Amino acid sequence: MIQHSYSLTTTAVTQAQIWKLMSDIDNWKSWDTGVAASQLHGCFETGQYFTLHPQGGPKVRIRLDEVRANEYFRDLTRFPLAKMYGEHWYEVTPEGLKLTVTMTMKGLLAPLWNKIVMKNIVAGMGEDVQRQIEAAAKL
């Protein structure tokens with residue numbers, strides 16, 4: 001298992017604002033420069049799927065593995081002999097809203113898929129969270 005996390009606490013946005021931004025998958029490309037297109041198939045709830053077309057990469061089908069409204073969601077991307085989980089927490093604290101993203105790769109070919117896919121996601125997590133905050137603040 002390979003795992004990386006990033007956290008940031010901010011007073012610039014509320015839990016409701018960040019949730020509205022993140023659950024609107026069809027519009028991720030408006031704030032995420034790494035996304036060419038994305039589409040939610042159904043509602044933003046456990047068991048539903050969305051497709052993500054990263055800039056310069058193939059479309060992937062991603063499952064919403066667990067969704068707890070306003071607080072947390074985990075997505076699952078399947079690769080040959082590996083699974084990648086993206087966990088997103090939105091925790092209200094006395095210091096502000098704590099945003100935490102954890103990426104986990106599991107499976108026999110986890111090291112390979114980490115090098116091909118996850119290392120690039122992890123490298124940009126800080127910038128991605130900052131863009132999320134900036135976009136959510138406008139909602």
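Start by selecting D128 and R131: these two side chains form a salt bridge, with their closest N and O atoms 2.4 Å apart. Both residues sit in helix α3, three residues apart, about one turn of the helix. Keep in mind as you click around that this is a predicted model.

**Stay on R131**

Leave R131 selected and add D32. The side chains of D32 and R131 meet in a salt bridge too, at 3.9 Å from N to O. This pair ties together distant parts of the chain: D32 is in the loop between α1 (15-23) and β2 (35-41), R131 is in helix α3, and 99 residues separate them. Colour D32 by accessibility and you'll find it buried, because its relative accessible area is 13% and the cut-off for buried is under 20%.

**On to the charged network**

Side chains of opposite charge can pair when their charged atoms come close. The count for this model comes to six salt bridges. Now select R63, D65, E66, R68 and R74 together; these residues are linked in a network of salt bridges. Zoom in on one pair, D65 and R63, whose side chains meet at 2.7 Å, N to O. How exposed or buried is each partner? D65 is buried at 18% relative accessible area, while R63 is partly exposed at 25%.

**A glutamate without a salt bridge**

From R74, move to E87, which you'll find in strand β6. E87 is buried yet has no salt bridge, and its nearest side chain of opposite charge, R74, is 4.2 Å away. Why doesn't that pair count as a salt bridge? The cut-off is 4 Å, so at 4.2 Å E87 and R74 miss it. What does the side chain of E87 touch instead? Show Y72: the side chains of E87 and Y72 make a polar contact at 2.6 Å.

**Two loops with positive phi**

Next, look at the backbone in a couple of loops. Select N70, in the loop between β4 and β5. N70 isn't a glycine, but its phi is positive, about 70 degrees. With a relative accessible area of 32%, N70 is partly exposed.

Then hop to L81, in the loop between β5 and β6. L81 is another non-glycine with a positive phi, here about 60 degrees. Is this leucine buried or exposed? L81 counts as exposed, at 54% relative accessibility.

**Into the largest pocket**

Rolling a probe the size of a water molecule over the atoms shows where empty space is left. Turn on a surface and find the largest pocket, which holds about 840 Å³ of space. It is lined by 32 residues, and the ones to select for its centre are L52, P54, M84, V117 and I121, the closest to that point. Which elements give two or more residues to the lining? They are β3 (49-54), β4 (60-68), β5 (72-79), β6 (82-93), β7 (96-106), α2 (110-123) and α3 (125-136). Try highlighting α2 on its own: the largest share of the lining, five residues, comes from this helix. Now colour the lining by residue type, and it divides into 21 nonpolar, eight polar and three charged residues.

**Pairs to measure across the chain**

Select L97 in strand β7. L97 is buried, at 4% relative accessibility. Add L8 and draw a distance between the C-alpha atoms: L97 and L8 are 89 residues apart in sequence and 8.1 Å apart in space.

For another pair, pick K20 in helix α1. K20 is exposed, with a relative accessible area of 52%. Draw a line from its C-alpha to that of F73, 53 residues away along the chain, and the separation comes out at 13 Å.

**Last stop: S38**

Finish in strand β2, where S38 is found. S38 counts as buried, at 9% relative accessibility. What lies 2.5 Å from a polar atom of the S38 side chain? Show the backbone of I25 and you have it: the partner is the backbone oxygen of that residue.

Conventions:
Residues are numbered from 1 along each chain as its sequence is written. This is a predicted model: local features need pLDDT of at least 70, side-chain atom pairs count only at pLDDT 80 or more; totals for chains, interfaces and linings use all residues. Side-chain values use heavy atoms; hydrogens and water are left out. On a 1 Å grid over the protein atoms alone, a cavity is a set of points where a 1.4 Å probe fits but cannot get out, and a pocket is an open set with protein on both sides within 12 Å along at least five of seven lines; lining residues have an atom within 4 Å of a point. Grid points are joined across faces, edges and corners, and a volume is the space filled by probe spheres set on the points. Helices (H or I, at least four residues) and strands (E, at least two) are DSSP runs, numbered from the N terminus. Ala, Val, Leu, Ile, Met, Phe, Trp, Tyr, Cys and Pro count as nonpolar, Asp, Glu, Lys and Arg as charged, and the others, Gly among them, as polar. Buried means under 20% relative accessible area, exposed over 50%, partly exposed in between (1.4 Å probe, protein chains only). Lys and Arg count as positive and Asp and Glu as negative; His and the chain ends are not counted. A polar contact is a pair of N or O atoms within 3.5 Å; within protein, one must be able to donate a hydrogen and the other to accept it, and residues adjacent in sequence count only if both atoms are side-chain atoms.
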